[in-house]
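The following exercises practise reading a protein structure step by step. Study the sequence and the structure first, then attempt each task before reading its solution.

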Amino acid sequence: MKDTLLFKQLSAYKSIPVYITLLIFLTGWGNTGHRTINKKSAEGFPASMNYLTGWADSLGAHASDADYRKGSDPAESPKHYIDIDNYPSFISTGRIPHTYDSVVALYGHNFVIDQGTLPWTIILTVDSLTEAFRRNDLQRAMLLASDLGHYVGDGHMPLHLTKNYNGQLTGQTGVHSRYESTMINRYISSIIYNTSSAVYIPDVREYTFAFVYENYRYVDSVLYADAQAKAISGSTSSDQYYQKMWEYSSRFTKQLFAGASDRLSSLIYTAWKNATTPVSTGSVYYPESFRMSEIFPNPFNGIASFYVESPVSDNFLITLYSPSGEVLRTFKQEISAGSARRIVIEMSNLAAVSGVYFLTLYGGGHQAIRKLIYLK
């Protein structure tokens, strides 16, 4: 499912000084941490993916490719973070709209780019990985899975989720690299964990935002560990400082690493499964896509409809999402091969409010998305 606005050029929305400054801080868990997260994720692959178990070393070796691209691609940097506490809706409700088009409609494109696009980057990378698996382009799939691991790792580094990403708002400037790089390099041998067996993720978008919200809770924990370590040691550079920093942060840091590997493993498995498992009950994957008309009328204030024509008979899954990304309705519609079927969308029985909604159609191994504007 592609968030179309996210493909617009990003570089124009970051001034050069800010961009250069961000390159200094926003390097995820550093090479050591990202390599560990990526490599450990392969331990969770199920037996059905055993031909990819040799990916572990490659996933680790390419774990920081996304960081290296920042120097040549100004559009890369915003993909590594989200200053989610700059969103008024997050401060008031603990959530933001989950679809990219919806959040842009509410806050504006420039604002969204300035806050970073990490969750949507993860979602788009899963889509791209699925397509690579579908084409059986395993080299491309491995590189995309490595990038996905980097972004998922960033989503488990609390200081990539906050406007206070370097402690600059609390008098703790420099905490970003002290925590994610210097401390991790010193104590990586103590970060030992087992990766859980991968599970299929039916809704990648909701899954991604769930772990972003969960990991944001550790922002204060990182800042507290830094403050306590400095108070005890009297500096932020001594061996004692890092020893105390590790003592105060080791428990949740290990949890974050384990969570990143678990979720990466499941997202790679989900992409693989979506690419290799047909939606219909037959055993044949249908490479030819269905055709979906535009929704009419649009905007609308009652009933809208669209037509679907498919080269194969299948039960198509139709899902309607609210402006905030919540699932409002899901249903299946049987469509016969070679015939055009009219599908009706009724909003009045959903207590819907005016706004931008999204509808996805999935069948025959393919997916389409349409935007609806409902005027109550």
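**Exercise 1: Strand partners**

In strand β6, the residue Leu361 is the bridge partner of Ile318. The model is a predicted one.

*Task.* Determine how strand β3 pairs with its neighbours, and state how many bridges join β3 to β6.

*Solution.*
1. Strand β3 covers residues 314–321, and β6 covers residues 355–363.
2. These two strands run antiparallel and are joined by five bridges.
3. Strand β4, residues 327–335, also pairs with β3 in the antiparallel sense, over eight bridges.
4. In that pairing, Tyr321 stands opposite Val327 of β4.
5. As for cover, six of the eight residues of β3 are buried, and the strand is thus mostly covered.

**Exercise 2: An open sheet**

*Task.* For the open sheet of three strands, identify which strands stand at the edges.

*Solution.*
1. The order of the strands is β1-β2-β5, with antiparallel pairing.
2. The strands β1 (291–292) and β5 (340–346) stand at the edges, because each has a single partner strand; one side of each is therefore left without a neighbour in the sheet.
3. Strand β2, residues 303–309, is joined to β5 by seven bridges.
4. One pair of facing residues is Phe306 and Ile343, the latter in β5.

**Exercise 3: The nonpolar cores**

*Task.* Describe the largest nonpolar core and state which residues have the most contacts inside it.

*Solution.*
1. A general tendency is helpful here: in soluble globular proteins, nonpolar side chains tend to be buried together.
2. The largest nonpolar core has 48 residues, and Trp120 and Phe133 have the most contacts inside it.
3. Among the elements that give two or more residues to this core are α3 (55–61), α8 (118–134) and α13 (239–276).
4. Helix α8 supplies the largest share, eight residues.
5. Leaving aside residues up to four places away in sequence, Phe133 touches Leu52, Trp55, Leu138, Ala141, Ile268, Ala271, Trp272 and Ala275.
6. A second, separate core has 25 residues, including Ile37, Ile184, Leu223 and Phe252.

**Exercise 4: A nonpolar patch on the surface**

*Task.* Decide whether Ile232 is buried, partly exposed or exposed, and state which residues make the patch with Ile232.

*Solution.*
1. Ile232 lies in helix α12, residues 219–233.
2. The relative accessible area of Ile232 is 39%.
3. Buried means under 20% and exposed means over 50%, so Ile232 is partly exposed.
4. Together with Tyr224 and Tyr248, Ile232 makes a nonpolar surface patch of about 290 Å².

Definitions and conventions
Residues are numbered from 1 along each chain as its sequence is written. This is a predicted model: local features need pLDDT of at least 70, side-chain atom pairs count only at pLDDT 80 or more; totals for chains, interfaces and linings use all residues. Side-chain values use heavy atoms; hydrogens and water are left out. A nonpolar core is a set of buried Ala, Val, Leu, Ile, Met, Phe, Trp, Tyr and Cys residues joined through side-chain atoms within 4.5 Å. Buried means under 20% relative accessible area, exposed over 50%, partly exposed in between (1.4 Å probe, protein chains only). Helices (H or I, at least four residues) and strands (E, at least two) are DSSP runs, numbered from the N terminus. Contact means heavy atoms within 4.5 Å. Patches are made of residues with over 30% relative accessible area and no salt bridge: like charges are joined within 9 Å, nonpolar side chains (Val, Leu, Ile, Met, Phe, Trp, Tyr) within 5 Å. Accessible areas come from the Shrake-Rupley method with a 1.4 Å probe; for residues, only the protein chains shown count as cover. A salt bridge is a side-chain nitrogen of Lys or Arg within 4 Å of a carboxyl oxygen of Asp or Glu. Two strands pair if DSSP finds at least two bridges between them.
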